[in-house]
Amino acid sequence: LSSNTGAFDDGTAILEKAPYGPLSLAGLRVPFTNDIQGSLDGAYLTTIGGYALQFETNYQFSSGGPWNYSGANGILSTTNNPTRNSLNLFLRLFAPDDGWMVSVFGKNVTDYRYVAARVTQVQYWSQPATWGIIITAKQ
């Protein structure tokens, strides 16, 4: 669990065309910082008939804080960070001595979508829910 409240130093500004001049960012929080963010992880390992079975989960979240600053006609505007949530699940079955593993996974299983980045008028969205199976073996 963490937070970031870093601020711009004096002299940091958004340049604008005349007659407005630069818009000062002094004392404002640095963009892309969150009011709060954190991660909660868990794992459980057991054996079944000589094979290992492992379950893992990971939940990540962040909320609040400035996303970006922009200036137009001498007016400073702020866009706030979106709230972000992501839940990932993993189930693995493996033979510790034989060197093989079968994994089933789900990433962003709740399919929570948010704008991950903005470039001019284009928005880039987070990844959708993803499910899969991975089979690995030692040679």
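## Tour of a five-stranded sheet

Begin at Leu-40: with a relative accessible area of 58% it counts as exposed, because the cut-off for that class is over 50%. The model on screen is a predicted one. Leu-40 sits in strand E3. Show what surrounds Leu-40: apart from neighbours within four places in sequence, Thr-57, Asn-58 and Tyr-59 are in contact with it. Next, pick the C-alpha atoms of Leu-40 and Gln-60; they are 20 residues apart along the chain and separated by 6.5 Å.

Now select strands E3 and E4 together. Their pairing is antiparallel and runs over 13 bridges. Within this pair, Tyr-44 has Phe-55 in E4 as its bridge partner. Follow the chain to the hairpin of E3 and E4, where two residues lie between the strands and Gly-49 takes a positive phi near 55°.

Widen the selection to the sheet. Five strands make up this open sheet, in the order E3-E4-E7-E8-E11, with antiparallel pairing. At its edges are strand E3 (36–48) and strand E11 (130–137), each of which pairs on one side only. On average, and with direction ignored, neighbouring strands of the sheet are turned by 10° against each other.

Stay on E4 and select Gln-54, which belongs to this strand (residues 51–63). The side chain of Gln-54 makes a polar contact of 2.9 Å with the side chain of Glu-56. Setting aside neighbours within four places in sequence, the contacts of Gln-54 are Tyr-44, Leu-45, Phe-90, Leu-91, Arg-92 and Phe-94.

Further along, select Ser-62, also placed in strand E4. Is Ser-62 buried or exposed? Its relative accessibility is 9%, and the limit for buried is under 20%, so Ser-62 counts as buried. Display its contacts beyond four places in sequence: Asn-34, Ile-36, Gln-37, Pro-82, Thr-83 and Arg-84.

Cross from E4 to E7 next. These two strands pair in the antiparallel sense over eleven bridges. For a landmark, select Asn-58, which stands opposite Asn-88 in E7. Asn-58 was met earlier, among the contacts of Leu-40.

The last stop is the step from E7 to E8. Strand E7 (residues 84–95) and strand E8 (residues 100–107) run antiparallel and are joined by seven bridges. Select Arg-92 here: opposite it, in E8, stands Ser-103. Arg-92 also appeared above, as one of the residues in contact with Gln-54.

Methods
Residues numbered from 1 in each chain as written. Predicted model: local features only at pLDDT ≥ 70, side-chain atom pairs only at ≥ 80, totals over all residues. Heavy atoms only, no water. Helix = DSSP H or I, 4+ residues; strand = E, 2+ residues; numbered from the N terminus. Polar contact = N/O pair within 3.5 Å; in protein donor to acceptor, adjacent residues only side chain to side chain. Contact = heavy atoms within 4.5 Å. Pairing = 2+ DSSP bridges. Axes fitted to C-alpha atoms, helices over the stretch in contact; angles between N-to-C directions. Buried < 20%, exposed > 50% of the residue type's maximum accessible area, 1.4 Å probe, protein only.
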